[in-house]
Structure formats: C-alpha cells, structure tokens
Amino acid sequence: MPKNKGKGGKNRKRGKNEADDEKRELIFKEDGQEYAQVLRMLGNGRCEAMCIDGAKRLCHIRGKMHKKVWIGAGDIILVGLRDYQDDKADVILKYMPDEARLLKAYGELPETTRLNEGIAAGIDDDDEAGPDNYIEFEDEDIDRI
C-alpha cells in the first residue's frame, strides 16, 4: 500500500486562514477605486453593490479572494472601477466590521451608510405598521390552558 505523501485533507485546507486575526493596516481608496456596500450576492463569484458615488454596480470577486474571504450582504468592500465598463467593477478588498467603523469615523463613508446590518436591501428594523410576531395572552386565557 502506498504511503500518504500529503499534509492533510479538506479540514486542513479550511483552517489555513486562521492566522488572519492580527490587525492589518487600514487601506484607503485611490484613483480608480470606490467604496461600496454589498446589496446581494449573485453567485458565480459576483455580487451587486451600491457604490458610495451613487451607482449600482455588478462586482466580480477576484480569484485571490474567492473561497477564502467570505462576502455577504451588507459588507463594506473596496472595488476597482473599470475604464471601459461603468456598470461593472472588481472587488479588491473586504473591510472587517471594525475597519468599516473606522472608515465612517474618518469621514470616508457618508453618515447615512448603515453598518452591521447583514442585509443592506433597505429593510427597516422598526416596522410599526407590520403585524406582530408574538401573541399576547390575557390572564384568564392562561388559566384555561
């Protein structure tokens, strides 16, 4: 029987990027780049994002980040704009939640940007007009049970 020459299976490969806990330097945008917030994931390494300049763009996740950096709806990302296609962009970097708060504090992101939402599709948390998700019982109803 042949000897195993590998270093491990898929569980080892999954744990590769566990050493990314150290603080990294905050990267600001340059010429040809823009901040954006992910609206929804589309699959196939693409997402739809609302850029800070007001344009909604189809963004392609670069291969270096694919399956290594998980991007979800509501995340703040740095995109590289294309000279030849204004409605498409490339995802360069995903900001961690604390980095996104720092960007907002430095004035790079507008004050209207909502962070840590999970879903950036404009759903408000305070829907008073909607139905309640709970049932209220009276004391006599509980006694009957």
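Student: Which residue follows H2, and what is the sign of its phi?

Tutor: Gly107 follows H2, and its phi is positive, near 85 degrees. H2 counts as a helix because helices are DSSP runs of H or I with at least four residues, strands being runs of E with at least two, numbered from the N terminus. This is a predicted model, where local features need pLDDT of at least 70, side-chain atom pairs count only at pLDDT 80 or more, and totals for chains, interfaces and linings use all residues. Residues are numbered from 1 along each chain as its sequence is written, and side-chain values use heavy atoms, with hydrogens and water left out.

Student: Which residues of H2 are buried?

Tutor: In H2 (residues 97-105) they are Glu99, Ala100, Leu103 and Lys104. Buried means under 20% relative accessible area, against over 50% for exposed and partly exposed in between (1.4 Å probe, protein chains only).

Student: What puts them on the same side of H2?

Tutor: They cover an arc of only 145 degrees around the axis, so they share one side of H2. The arc is taken from the directions from the helix axis to the C-beta atoms.

Student: Which strands do the buried residues of H2 pack against?

Tutor: Strands S1 (33-43), S4 (76-81) and S5 (88-94), where contact means heavy atoms within 4.5 Å.

Student: Why are S1 and S4 called paired?

Tutor: Two strands pair if DSSP finds at least two bridges between them; five join S1 to S4, so these antiparallel strands qualify. Gln33 stands opposite Gly80 in S4. Five strands close into a barrel in the order S1-S2-S3-S5-S4, with mixed pairing.
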